[in-house]
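Dear colleague,

I am handing over the structure we spoke about, which you will find just below. My notes on what was found in it follow after that.

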Amino acid sequence: MQRIGVFVCHCGTNIAATVDVKTVAETLGHEPGVVISQDYQYMCSESGQNLVKNAIKEHNLTGVVVCSCSPRMHENTFRKAAAAAGLNPYLVEIANIREQCSWIHKDIATATEKAVILGKAAVAKVHLNAPLTAGESPVAKRALVIGGGIAGIQTALDIAEAGFDVDIVEKNPTIGGKMAQIDKTFPTLDCAACILTPKMVEASQNEHITIHSFSEVTDVKGFVGNFTVTIKKKARYVDETKCTGCGLCTEKCPMKKVPNEFNMGLDNRSAIYIPFAQAVPKVATIDPNYCMMMKTGKCGACSKVCSVGAIDYKQQDKFIEQKYGAIVVATGFNPINLDKYDEFAYNQCPDVVTSLELERLMNAAGPNGGTLLRPSDKTHPHKIVFVQCVGSRCDDSKGKPYCSKICCMYTAKHAMLIREKYPDTEVYVFYIDVRTPGKNFDEFYRRAVEQYNVHYIKGMVGKVTPRSDGKIDVQASDLLANEQLHIDADMVVLAAAIEPDKTARPLATMLTTQMDTNDFFTEAHPKLRPVESATAGIFLSGACQGPKDIPETVAQASAAAAKAIGLLVKNSITCNPCVAHSDELMCNGCSSCEKVCPYGAITYIDKEFRMPDRTTALRRVASVNPAVCQGCGACTVACPSGAMDLNGFSNSQIMAEVDAICK
Amino acid sequence: MLKISLDKLDKLFEAIAASQTLYIPADREDGAAEYRKYESGMKLSNKLNTLRSAKDFFFPQTENLVDFKMEGKNIDVIDVREESEDFVIFGVRACDARSFTILDKVFLAEPVDSYYKNRRDHSTVVTMACTRPAETCFCGTFGIDASAPEGDAACFSDGENLFFEAHNEKGQKFIDSISSLLEEGNTSKLDDVREKTRDILKKLPLANLSTDNFGGDKLNEYFNSDKWGELSESCLGCGTCTFVCPTCQCYDIKDFNTGHGIKRFRCWDSCMYSDFTKMAHGNPRLTQLERFRQRFMHKLVYFPANNNGEFGCVGCGRCLSKCPISMNIVKVMKALEVK
Amino acid sequence: MQVNENKEFEPLIVAFCCNWCSYAGADLSGTNRLNYPTNVKIIRVPCSCRVNPMFILRAFQRGADGVILCGCHPGDCHYTSGNYFTRRRMTLLFSMLDFLGIERDRTRVEWVSAAEGAKFAATMNEFTESVKKLGPNRRLEDLRCRKQ
Amino acid sequence: MQEAMINKAKQLLADGTVNRVIGWKRGEFAYDITPAVFESAEELDSEFVYDDFTSANVSKYLVKECKKEGRILAFLKPCDTYSFNQLIKEHRVVRENVYIVGIPGGPKLDAEKIKAKGITGILGVKNENYTLKIDTVYGEETMPFYEAILDKCASCKSKKHVVYDELIGEDGDVLDSNRFDMVEKLENMSAQERYDFWREQLSKCIRCNACRNVCPACTCEKCVFDNPNSGVENKAPADSFEENMFHIIRAFHVAGRCTDCGECSRVCPQNIPLHLLNRKFIKDINSLYGEYQAGEDTTSRAPLNDYNKDDCEASIVHERGVE
């Protein structure tokens with residue numbers, strides 16, 4: 001038999017002025033199961049709480065209803081009070097008779113009547129409340145960072161700084177990511193390599209950081225604090241532990257006609273290669289698609305010259321399994337493929353390049369040693385046209401609907417650098433809008449226009465046509481002057497939209513995190529939880545979450561690290577006990593609940609059940625991981641049999657409230 | 001015999017309905033016949049039988065038994081029973097008429113079901129002889145003559161006239177009450193019609209179905225028969241057979257919380273349902289096989305065992321045409337019989 | 001359904017509000033003293049996606065004249081996707097009720113954020129008025145539950 | 001066809017591919033055919049039937065059957081394959097334990113339609129060039145074949161088998177059917193008319209559960225309406241509300257999962273057009289969330305387990321059609 005205590009708060013006059021609290025207390029005192037019903041001036045005060053605590057002890061209460069302000073305000077207060085008096089905190093229900101009654105109604109009679117009904121609903125619910133215990137789940141003290149660009153590096157360094165072990169998984173032979181390919185950074189124009197490479201070295205030398213380069217995540221199991229991740233270390237045919245990075249093999253390799261990815265295919269590398277001089281780890285990798293030895297079995301030049309015997313043509317992919325408490329996704333971005341943009345002649349003319357290609361063309365370690373030359377004839381360009389928003393802010397299926405955010409600034413940077421270094425070169429920039437919200441950004445852009453005389457033209461380039469004389473005809477409209485323009489340019493630079501890396505989507509599936517339609521990872525809350533994914537224990541760093549420039553990326557990377565550290569410092573995590581649970585006897589194993597769960601909290605197990613005819617049979621049933629479930633209840637409605645229910649907000653509890661209200 | 005011309009049926013119905021409530025089989029929009037409270041202009045269905053049986057008059061699908069009114073912590077018990085008024089059910093077929101006898105054996109035996117008795121006492125059952133039995137009919141198997149139905153009074157059509165015959169005092173009272181509309185008539189044509197009907201009955205596909213091998217003494221032979229598995233394997237466990245059956249009489253008693261009180265009501269139950277006779281310890285018949293067996297053992301063995309050999313089936317054929325998977329008592333009887 | 005002394009029909013409205021947005025929005029309209037009728041009784045649920053169609057039918061069975069479901073705006077769900085499921089479920093359920101001839105204006109879904117106290121009050125005023133016009137729920141009530 | 005099926009079944013039994021066969025068994029009359037499991041060639045020869053009255057969808061039985069020892073042969077009509085595929089999708093059947101032979105489907109005959117013509121005492125039914133010759137104890141009767149077909153066959157949606165191991169006969173195509181005509185007709189009525197229509201229909205309900213128990217989408221281990229702890233359990237339609245409640249919730253629970261096999265209406269002893277409720281959901285889903293055919297595949301997300309950020313708001317219901 002239930003013994004329920006009802007406590008009606010006056011909240012000074014906040015409630016008592018419009019609601020006849022005495023009547024409420026008296027009426028609720030007659031409800032079935034209610035053994036004590038009291039009113040008090042301030043129930044949340046020390047003495048008010050003592051009233052509740054004493055009543056719990058004195059009457060051996062099995063449930064408490066507090067008619068007071070919103071549960072969002074003091075539910076926790078009264079739960080703690082109940083717990084202190086030895087009553088399970090989840091046996092407390094609040095009837096909101098302030099915000100949702102006394103404050104919005106004027107007539108005392110009707111407001112009192114409503115307060116009574118709300119109180120009855122709470123009493124009806126508390127009859128069905130079950131004591132709940134928050135579970136605990138241990139936390140593995142190790143973090144995984146997926147992606148070794150500046151975002152991943154920064155996150156890893158920050159986590160390592162806090163004293164936790166971190167693994168970086170990078171799919172390329174070296175960490176560094178896109179930033180390593182960039183020449184200078186806006187708005188300060190300092191050299192990207194000069195600020196990035198020390199961080200790469202720091203990461204490689206940090207005792208807490210392990211770098212798995214040329215590796216991929218192939219499987220993720222588990223949940224917050226307790227992930228088990230399988231990492232594939234792809235065969236690089238060079239023993240990482242032996243290779244000293246001397247580079248002799250790359251010189252001796254006879255196969256030198258391999259497009260160099262690092263330089264965007266603008267020059268060639270050898271079949272065995274180290275992506276760039278400051279690569280971390282500085283270890284050679286054999287490209288089996290080009291290596292003569294691997295293809296024909298005849299060569300072995302690298303093996304012969306390697307004094308430490310690091311070459312291993314028979315190396316296999318290796319899989320390692322590791323437990324992590326937290327995972328940070330930092331998979332970054334790529335410029336989109338411009339194959340579909342025939343109007344810009346990107347595929348027809350070598351002198352139409354992307355901005356990232358331009359970075360390499362201008363970089364001292366690039367194909368031309370830092371001198372800006374046309375890829376076609378290695379001559380100096382005198383007229384360069386920049387086209388903005390190529391595939392960004394695009395309604396059609398070729399492009400992306402969003403703004404890629406970084407293009408306006410890097411184009412201003414390119415324009416400025418070119419005008420600085422080659423004053424005889426004319427630079428045109430065609431834009432839709434120039435967007436420069438950022439510290440010192442607009443000043444930077446204005447310097448390009450005012451100080452460096454870059455021609456900014458509002459309008460879109462309609463057609464780019466390579467001419468037989470080597471010039472490029474750029475046909476465009478000047479929207480402000482309302483005229484058509486023809487520019488005979490030497491080079492055209494396209495600010496290609498950026499998109500999330502292709503590896504992001506399969507990864508999101510493995511991590512059971514959400515992505516938007518553009519494949520950017522979705523943050524748990526767009527304002528308040530921008531670096532957490534909705535899946536507990538998975539954090540987001542850098543451009544995988546949305547287009548970002550370097551400072552923003554680094555800021556977010558550190559923020560993600562802070563969130564991860566916040567998790568890793570705990571020995572265990574307390575779970576919200578108001579989670580879903582499945583009645584295995586009723587579960588059909590149909591997977592509906594799993595499909596609507598935003599957290600991947602539901603898995604299926606085959607379990608043996610005793611059947612009505614006294615045989616046993618294997619049945620597939622849902623199992624909710626209480627550490628992962630956040631208690632939204634989506635699954636409870638998806639479940640046709642009602643096997644899935646939610647603690648604290650069960651079907652019967654809600655229906656009891658409905659009944660009480662409609663009585 | 002007293003008769004009335006068929007084209008004067010309207011007048012007859014008006015006259016009956018003037019003094020008490022009259023129910024007749026009438027066609028509803030989807031073509032099926034059902035008992036309806038007579039209203040002016042309503043036509044008697046020419047269907048062989050109603051889709052639902054006539055048992056609803058005495059044993060409705062749901063019935064309130066008692067109310068509990070709750071005020072705070074007090075509970076008042078309120079008797080919601082209402083005295084039934086006199087009513088006439090017209091056009092009941094021989095099979096359904098016999099079903100009342102079977103139901104009586106259950107509900108009028110001690111302890112008498114006063115709810116049932118009340119309605120039974122106030123009713124007059126006027127039956128009507130069949131002239132066009134269907135292939136699903138097998139009332140003859142249970143000794144019922146479709147051309148000579150029981151009931152308080154019976155009537156017979158020869159195609160032009162309806163002849164009346166009283167079987168008891170109640171029936172006589174009914175005929176007396178309408179005697180002003182009746183006249184003495186020649187039954188020679190009627191005798192022909194009845195003869196023809198009996199001929200047809202003999203030709204029906206199930207005419208030779210016999211109960212000889214069934215009865216109260218057959219428990220051991222059939223309970224463990226290995227046929228049950230095969231017979232019940234396609235059973236969906238729905239309640240169609242039970243709910244269209246004129247003799248199925250199982251019910252469940254339930255409480256419904258209205259928010260301001262409890263309504264205790266009874267409603268039809270079906271032995272085919274998984275929670276049939278479920279008790280605190282669980283369910284005595286865990287598998288569909290056991291539940292399926294219960295239904296047919298009850299009709300063919302248990303019921304006759306407790307009721308002087310009377311079977312719990314009247315051969316109306318409703319389950320034969322309504323079972324979603326066409327499994328029925330006839331198939332069960334034939335399968336069990338084969339040894 | 002309640003009938004007050006003036007015998008004017010006072011509908012009973014059940015409002016399911018998600019804990020994170022709409023319930024907070026309702027609190028805010030209280031904090032700002034924005035009136036809405038006492039007819040509205042709120043039931044707190046963690047997310048609008050917790051609301052089972054059975055709860056809505058249950059409310060009508062027991063005498064509610066209108067049922068409104070409030071949740072976070074699409075895209076703002078505390079649980080990221082709950083309200084998207086709610087939207088589909090309720091669209092289909094309401095369409096079915098409409099198909100059965102139940103008055104459409106007895107059901108509603110409204111997105112109310114925690115900041116929209118004014119919208120919450122306005123919505124409740126408006127919804128109560130529109131249900132008042134329809135009169136008592138007769139098509140989806142359970143006669144056994146009607147108050148004598 | 002029947003001959004070919006029996007031969008196929010015997011062959012698969014003989015070569016050990018399967019150890020039993022689910023099909024249909026002859027009854028007392030021309031039309032009362034019962035789904036049955038056969039284990040031997042003799043049983044097949046003497047009792048297996050496949051004819052114009054063999055309409056029962058056997059896919060639901062496979063939920064139970066596939067848990068038993070060995071593989072079972074199931075003959076599935078096109079519409080039945082959709083049901084089976086949906087069951088695969090929901091992990092209710094084990095695909096490997098069923099050997100599916102696709103067979104041509106209907107149109108199948110409805111004995112009730114013949115009886116509705118006043119034809120009774122039926123001893124035999126023969127289809128001669130799409131005229132039914134019906135032998136009765138009252139003499140021979142005839143009626144056009146197409147006037148006696150099941151309603152579900154009259155609006156057939158597909159002659160294509162979506163899952164099978166082999167086929168007997170040619171596979172057909174997905175059809176343009178008129179299956180939403182009646183739903184549309186109702187949509188165009190006034191709310192009062194719709195209410196009256198459904199009140200008349202649903203008040204006939206006797207809650208025999210035939211619709212639910214035959215439904216291949218209703219395979220719950222425990223139905224909410226049978227579960228005393230669910231809070232909505234009810235055994236009889238004690239009030240008009242409960243008639244509505246049961247059918248609304250049942251339709252909602254199978255929404256996006258119902259393949260529109262039409263069994264619910266076929267088995268309803270009270271002739272309630274229950275399939276219209278399911279079709280209403282299907283029609284709404286198609287028009288609001290894009291064409292979706294449950295059971296067409298085993299991997300796509302069911303519409304109610306899915307969403308689109310640009311989905312219409314629920315207010316669309318208030319804005320469209322007839323009030």
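To begin with chain A, the domain assignment divides this chain into domain 1 (4–128), domain 2 (142–234 + 317–332 + 501–568), domain 3 (248–305), domain 4 (334–499) and domain 5 (580–647). Between domain 1 of chain A and domain 2 of chain A, the C-alpha centres are 48 Å apart. Please keep in mind throughout that this is a predicted model, for which the predictor reports an ipTM of 0.93 and a pTM of 0.80 for the complex.

The largest nonpolar core contains 456 residues, and A:V64 and A:V492 are the ones with the most contacts inside it. Helix α5 (residues 108–127) of chain A is the element that gives the most to this core, contributing 10 residues. If you look at A:V492 and set aside its neighbours within four places in sequence, you will find it in contact with A:F344, A:D351, A:V352, A:V385, A:V387, A:V464, A:I472 and A:V474.

Turning to the contact between chains B and D, 42 residues of chain B meet 30 residues of chain D. On the chain B side, the elements that give two or more residues are α5 (188–203), α8 (240–244), β11 (251–257), β12 (261–268), α10 (318–322) and α11 (329–337) of chain B. Sorted by class, that side of chain B comprises 22 nonpolar, nine polar and 11 charged residues.

One residue of chain B that you may wish to look at is B:R132, which sits in the loop between β7 (123–128) and β8 (153–157) of chain B. Not counting residues up to four places away in sequence, B:R132 touches B:L48 and D:T120; B:R132 and B:L48 are 84 residues apart in sequence, yet their C-alpha atoms are 6.9 Å apart in space. B:R132 counts as partly exposed because 17 other C-beta atoms lie within 10 Å, whereas 20 or more would make a residue buried and 12 or fewer would make it exposed.

As for chain C, an unreviewed UniProt entry carries the annotation "domain: F420-non-reducing hydrogenase iron-sulfur subunit D" over residues 13–135 of this chain. Across residues 13–135 of chain C, the chain is 45% helix and 19% strand, with the end C-alpha atoms 12 Å apart. The average pLDDT of chain C is 91, and 95% of the residues score at least 70. Within chain C, confidence is lowest in strand β1 (residues 2–3), at a mean of 48, and highest in strand β4 (residues 40–45), at 97.

With best wishes

Key:
Residues numbered from 1 in each chain as written. Chains lettered and ligands numbered in written order. Predicted model: local features only at pLDDT ≥ 70, side-chain atom pairs only at ≥ 80, totals over all residues. Contact = placed C-beta atoms within 7 Å. Helix = DSSP H or I, 4+ residues; strand = E, 2+ residues; numbered from the N terminus. Nonpolar A, V, L, I, M, F, W, Y, C, P; charged D, E, K, R; others polar. Core = buried A, V, L, I, M, F, W, Y, C linked by C-beta atoms within 7 Å. UniProt positions renumbered as here; feature names shortened; annotations may be inferred. Domains from an automatic or database assignment. pLDDT = per-residue confidence, 0-100.
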